[in-house]
Amino acid sequence: MEWNKDKIRAYRKKLELTQRQFGELLGASRRLISSWERGKAKPLGPTQKALSLIAGLVDIERSF
């Protein structure tokens, strides 16, 4: 799955997590999560894979 800023934000909101909580789940800083949501950076490698795995667990992919 390709992750973009809108998907990342919608996914985090669906999980009802703050940027800090979402970052802790993924092993990333709140600042990095903010950068992803603003389109200033993209998740890479293991983080992108972790996002996809977790998304599959909560069935978020069907909404996009």
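## A walk through the helices and their core

Let us start at Ala28, which touches Gly23, Ile33 and Trp36 when residues up to four places away in sequence are not counted; contact here means heavy atoms within 4.5 Å. The model is predicted, with local features needing pLDDT of at least 70 and side-chain atom pairs counting only at pLDDT 80 or more, while totals for chains, interfaces and linings use all residues. Residues are numbered from 1 along each chain as its sequence is written, and side-chain values use heavy atoms, leaving out hydrogens and water.

Ala28 also belongs to the largest nonpolar core, whose 10 residues are Trp3, Ile8, Tyr11, Phe22, Leu26, Ala28, Ile33, Trp36, Leu51 and Ala55. Such a core is a set of buried Ala, Val, Leu, Ile, Met, Phe, Trp, Tyr and Cys residues joined through side-chain atoms within 4.5 Å. Buried means under 20% relative accessible area, exposed over 50%, and partly exposed in between, with a 1.4 Å probe and protein chains only. Helices H1, H2, H3 and H4 (45-58) each supply at least two residues of this core. Helices are DSSP runs of H or I with at least four residues, numbered from the N terminus. In soluble globular proteins, nonpolar side chains tend to be buried together.

Some aromatic members of the core deserve a visit. Rings of Phe, Tyr and Trp (its six-membered ring) pair if their centres lie within 6.5 Å; planes under 30 degrees apart count as stacked, over 60 as edge-to-face and the rest as tilted. By this rule there are 2 aromatic pairs. The ring centres of Trp3 and Tyr11 are 5.5 Å apart with planes at 40°, so this pair is tilted. Tyr11 also pairs with Phe22, edge-to-face, at 5.5 Å centre to centre and 80° between the planes. That second pair links distant parts of the chain, since Tyr11 lies in helix H1 and Phe22 in helix H2, 11 residues apart. Ring pairs thus link Trp3, Tyr11 and Phe22 into a cluster. Trp3 counts as buried at 1% relative accessibility, Tyr11 is buried with a relative accessible area of 1%, and Phe22 counts as buried at 0%.

Now for the helices themselves. Two packed helices are described by the angle between their axes and the distance between the axes. The axes are lines fitted to C-alpha atoms, for helices over the stretch in contact, and angles run from 0 to 180 degrees between N-to-C directions. H1 (residues 5-14) and H3 (residues 30-37) pack at about 125°, their axes 7 Å apart. That makes H1 oblique to H3, because angles under 35 degrees count as roughly parallel, over 145 as roughly antiparallel, 65 to 115 as roughly perpendicular and the rest as oblique. Lys5, Ile8, Arg9 and Arg12 in H1 meet Ile33, Trp36 and Glu37 in H3.

How do H2 and H3 cross? The axes of H2 (residues 19-26) and H3 come within 8 Å and cross at roughly 105°, which means H2 is roughly perpendicular to H3. From H2, the contact involves Gln19, Arg20, Phe22, Gly23 and Leu26; from H3, Arg30, Ile33, Ser34, Trp36 and Glu37. Gln19 counts as buried because its relative accessibility is 17%. Leaving aside neighbours within four places in sequence, Gln19 is in contact with Arg12, Arg30, Ile33, Ser34 and Glu37.

To finish, look along H3. Its buried residues are Ile33, Ser34, Ser35, Trp36 and Glu37, and these pack against H1, H2 and H4. After H3 comes Gly39, with a positive phi near 80°.
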